[in-house]
Amino acid sequence: MSGREKHLVELVDETGKVHGETTVAAAHQPPGQLHRAFSVLLVDPDGQVLLQRRAAVKTRFPLRWANSCCGHPLPGESLAEAANRRLGEELGAGPVELTEVGVYVYYAEDPETGRVEFEYDHVLRGEFLPSAPLLPDPNEVAELRWADPTALEAELNLDPRPYAPWLGGVVNRLLHPSGSRSGATGPAMTPPGTAADDTAERSGGR
């Protein structure tokens with residue numbers, strides 16, 4: 001088992017209420033355990049979104065196109081801290097201000113690896129300039145590209161097979177923000193300071 005598979009995730013019910021924790025590996029074994037996750041979409045001033053093609057070594061949906069960055073907050077960790085940590089780990093991107101534009105629960109089985117995604121997914125929008133430096137980790141990211149989100153939504157409807165199964169819901173929340181389940185768009189989240197000392201050992205990527 002890889003080190004990342006031993007990291008902890010937060011188990012939740014379908015309202016997002018925490019009721020425990022487990023490892024990344026256990027949460028993604030069939031039939032899956034519902035856990036908190038986040039999906040970041042970096043958006044440039046023209047409204048283009050940054051997509052990444054997941055690296056071949058990923059244990060779930062390798063080589064599929066997905067949103068800019070994904071991951072799981074460690075138990076008790078804020079979404080802003082977790083998301084900015086993963087932006088740094090996956091893309092070499094500096095901290096950005098994030099806004100939660102929606103939440104949705106989804107379930108997907110990976111026919112190639114036998115793993116399961118069953119996630120309470122917080123969709124986060126981050127403002128980003130294409131000229132800002134990026135240094136993607138090849139163990140996380142195979143390729144990067146910018147895309148128009150409306151055209152991307154049409155592509156997903158036409159043929160979703162090249163894409164990670166959660167991307168359609170992520171793009172939908174970006175284009176049609178719902179914020180919290182009460183319908184209000186979430187507030188901007190300030191980039192965090194230094195992470196807790198044990199973050200690197202306990203946190204989980206997707």
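# Questions on the fold, from one loop outward

Q: Is Arg-60 buried or exposed, and what is its relative accessible area?
A: This is a predicted model, in which local features need pLDDT (the predictor's confidence in each residue, from 0 to 100) of at least 70, side-chain atom pairs count only at pLDDT 80 or more, and totals for chains, interfaces and linings use all residues. Residues are numbered from 1 along each chain as its sequence is written, and side-chain values use heavy atoms, with hydrogens and water left out. Buried means under 20% relative accessible area, exposed means over 50%, and partly exposed lies in between, with a 1.4 Å probe and protein chains only. Arg-60 is therefore buried, since its relative accessible area is 2%.

Q: Which residue's side chain makes a polar contact with the side chain of Arg-60?
A: Arg-60 has its place in the loop between β4 and β5, where helices (H or I, at least four residues) and strands (E, at least two) are DSSP runs numbered from the N terminus. A polar contact is a pair of N or O atoms within 3.5 Å; within protein, one must be able to donate a hydrogen and the other to accept it, and residues adjacent in sequence count only if both atoms are side-chain atoms. At 3.2 Å, the side-chain partner of Arg-60 is Glu-117.

Q: What is the relative accessibility of Leu-63?
A: Leu-63, in the loop between β4 and β5, has a positive phi of about 65° although it is not a glycine. Phe-61, found in the loop between β4 (49–54) and β5 (65–66), also has a positive phi, near 55°. Most residues other than glycine have a negative phi. Phe-61 counts as buried because its relative accessibility is 3%, whereas Leu-63 counts as partly exposed because its value is 37%.

Q: What is omega for the peptide bond from Pro-30 to Pro-31?
A: Pro-31 lies in the loop between α1 (24–27) and β3 (35–43). Most peptide bonds are trans. The bond from Pro-30 to Pro-31 is cis, with omega near 5°.

Q: Which residues, beyond four places in sequence, is Asn-139 in contact with?
A: Asn-139 lies in the loop between β8 (116–127) and β9 (141–147), and it counts as exposed because its relative accessible area is 51%. Contact means heavy atoms within 4.5 Å. Leaving aside neighbours within four places in sequence, the contacts of Asn-139 are Ala-55 and Val-57.

Q: How many residues does the largest nonpolar core have?
A: A nonpolar core is a set of buried Ala, Val, Leu, Ile, Met, Phe, Trp, Tyr and Cys residues joined through side-chain atoms within 4.5 Å. In the largest one, the residues with the most contacts inside it include Leu-51, Leu-152 and Leu-167, and Leu-167 is itself in contact with Leu-51 and Leu-152, among others. The number of residues in this largest core is 23.

Q: Where in the chain is confidence lowest?
A: The chain averages a pLDDT of 87, and 85% of the residues score at least 70. Over residues 192–204, however, pLDDT stays under 50. Where pLDDT is low, the predicted coordinates should not be read in detail. Confidence is highest in β5, at 98, and lowest, at a mean of 33, in helix α5.
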